[in-house]
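Reader: I would like a close look at one part of this model, the sheet with the greater number of strands to trace, and then at whatever is built around it. Please keep the account connected and go element by element.

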Amino acid sequence: MGSVLWRSTVSNLVGVCGDRVKHISRLWILLAFCLMPVSSARAGRAPEIPLTTTTGAPVRIILFIGDGMGTAQRAAAQWAAVGFNGRLVMDTLPVTGWSRTSNVAGGVTDSAAAATAMATGVKTENGKIGLGPDGTPLSTILEQAQARGLAVGLVTNTPLAHATPAAFAAHTGSRYAMAEIARQLLAARVDVLLGGGENAFLPQWWTGHYPEPGTRTDGRNLIAEAVEAGYTYVWDAAGLQAAALMHAPRVLGLFADEELPRPQTPTLAALTEHAISILSRRPEGFFLMVEGGQIDWACHANDAALAIGDTLAFDAAVAAGLRYAAGLENTLVIVTSDHETGGMALSLSNNGGQAFAMPDGTPFYVTWTTDDHTDTNVLVNAQGPWSSLATGIYENTHIYTLMAMALTASPELILDGSSLAYPGEPLTFAAHFNPITATLPISYLWTATGQTPLTTPGGAHSTAGFTWPLTGTYTLTVTARTPEVTLTARRFIMLRHQWYTLYLPLIQKRAP
Ligand SMILES: [Zn+2]
């Protein structure tokens, strides 16, 4: 208020005086303004510079699929490894739901239809890979991630061209067209392809690193073509480790003619770890699908010992994923299955089933009702952005939705408010959390140069006020925290002297 008076008085004075006086008084006034104490400099709001700081956090999605892994398979592995009251690693994810696995016709699914549903959000017929029931090619979450600049990878301990990995990057009417699927996986330029099934990549007369010759009838050597296209080709654990250490951007790893023989080398956990280390170099983030593919095979054979061993190997791969995700923002991890296999049942009383013992010696027994897939729901465990939507019982297509949400609407934090102000002027800043997740409230922590840290509650929005007494450039940081994600936004604020803005209008007014 005082300075406004000052300015009008000065203007009037200048207006009534002669030219010479005007010139002298202008210098005098300028000098006076320069010497004015900063604290008295208050003349309305400083000009607003619209400036918004947004965190463009990378998106990371890791989907673990235990093929054929129903609740009994998980319980059997748990009882055998950590006992009746123990927990597998995959049991520790904070959100749990149920996936209904049936195919488009409502019948018992196969791995092709189930993987297509999870990869594309559309249920289809058994046997179809990445195609709708009418044969229309469907866009997959892997392709959508790729289109957004994310690195993408597929890992399995079965052949790479097998149904589950295939459905994420290939489109064929038959899951058994493995030579064509192998061609499509490479044509899709999936950055990391690790698994078995070398023979689908080699021509019939060619033997690669494993005894069986190739199965391709088109004479193409896809491994040679991959190397030509910039892939690093590896066939053992040491080669994979070297490729990861040497920052190879694209890696094709084929570790067997068909499925990886037990004991699997590299382990599914090692494959997962290296895939993540290669993919995570992409600043935009990555999508990775890891399949524990041989649980299903063990259950088709009604072999409980192998089913338990493979489920535990799969759990170790989940552990590798969680070790990477620990403390990392914006990383969605989902652990689920495509269907149950074998109708496995567990009992603590001896019913003539296959006998096992818990670590404390308590016996338990495994029986089977079929050597095929069943229609029972499978568990879904999740953590990270949008994982709160994994609660409940839903169709397997919902798993696609969760990933698509994380991919296309990853949470962001927008910080707005003044960027340019005068010392002593109270400033209000607003943080906007977008989009609102299902988990509220959000806690906001504000830290700024020369200010005491401040915590404010809020839903999608929260505000905080600050006043800086002195000129200078300050940093304001706000951190929004939900159980699923932590995001930070930052901006710089410049506080400057008022005389500068007073002087300019004065000159403009006196210009001829
Ligand atoms: Zn199966």
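Author: In this predicted model, 10 strands make up an open sheet, ordered β6-β7-β5-β4-β8-β2-β9-β15-β3-β16, with mixed pairing. The edge positions belong to β6 (232–234) and β16 (392–395); each has a single partner strand, so one side of each is left without a neighbour in the sheet. From one strand to the next the twist averages 15 degrees.

Within this sheet, strand β4 (residues 151–159) and strand β8 (residues 285–292) run parallel and are joined by six bridges. One point of register is Val152, whose bridge partner in β8 is Phe287.

Helix α10 (residues 268–279) lies across several strands of the sheet, namely β2 (59–66), β4, β5 (192–196), β7 (251–254) and β8. The direction of α10 makes an angle of about 170 degrees with β8.

The loop between β7 and α10 deserves a separate look. Pro263 is placed in this loop, and the peptide bond that joins Arg262 to Pro263 is cis, with omega about -10 degrees. Pro266 is found in the loop between β7 and α10 as well. The bond from Thr265 to Pro266 is also cis, with omega near -10 degrees. For context, most peptide bonds are trans.

Next comes the metal site. A zinc ion is coordinated by Asp296 through OD, listed twice, and by His300 and His373, each through NE2, at 2.0 to 2.3 Å. The angles subtended by the four donor atoms run from 58 to 152 degrees, which makes the arrangement irregular. For four donors to count as tetrahedral, all angles would have to lie between 85 and 135 degrees. The ideal angle for four tetrahedral donors is 109.5 degrees.

Along the sequence, the donor residues follow the spacing D-x3-H-x72-H. His300 belongs to helix α11 (residues 294–300) and His373 to strand β14 (residues 373–374), so the pair ties together parts that are 73 residues apart in sequence.

The loop between α11 and α12 contains Asn302. Phi of Asn302 is near 50 degrees, a positive value in a residue other than glycine. Most residues other than glycine have a negative phi.

Helix α12 (residues 304–325) leads to a packing arrangement with helix α3 (residues 71–82): the two axes come within 9 Å and cross at roughly 85 degrees. The two helices, α3 and α12, are therefore roughly perpendicular to each other. On the α3 side the contact is made by Gln73, Arg74, Ala76, Ala77, Ala80 and Ala81, and on the α12 side by Ile308, Thr311 and Leu312. Sorted by class, the contact of α3 with α12 has six nonpolar, two polar and one charged residues.

Both helices also meet another sheet. Three strands form this open sheet in the order β11-β13-β12, and their pairing is antiparallel. Its edge strands are β11 (345–347) and β12 (354–357), each of which pairs on one side only. The twist here averages 30 degrees from one strand to the next. β12 pairs with strand β13 (residues 363–367) in the antiparallel sense over four bridges, and Ala357 stands opposite Pro363 in β13.

Helix α3 lies across β11, β12 and β13, and runs at about 35 degrees to β11. Helix α12 packs on the sheet by touching β12 and β13, with its direction at about 40 degrees to that of β12.

Further along the chain there is more strand pairing. Strand β20 (residues 442–448) and strand β23 (residues 472–481) run antiparallel and are joined by six bridges. Thr447 has Thr477 as its bridge partner in β23. β23 also pairs with strand β24 (residues 486–495), in the antiparallel sense and over 10 bridges. In that pairing Tyr474 stands opposite Ile493 in β24.

Methods. Residues numbered from 1 in each chain as written. Predicted model: local features only at pLDDT ≥ 70, side-chain atom pairs only at ≥ 80, totals over all residues. Heavy atoms only, no water. Axes fitted to C-alpha atoms, helices over the stretch in contact; angles between N-to-C directions. Parallel < 35°, antiparallel > 145°, perpendicular 65-115°, else oblique. Contact = heavy atoms within 4.5 Å. Nonpolar A, V, L, I, M, F, W, Y, C, P; charged D, E, K, R; others polar. Pairing = 2+ DSSP bridges. Donors = N, O, S within 2.8 Å, 3.2 Å for Na, K, Ca; no water. Tetrahedral: all angles 85-135°; square planar, octahedral: opposite > 155°, others 65-115°.
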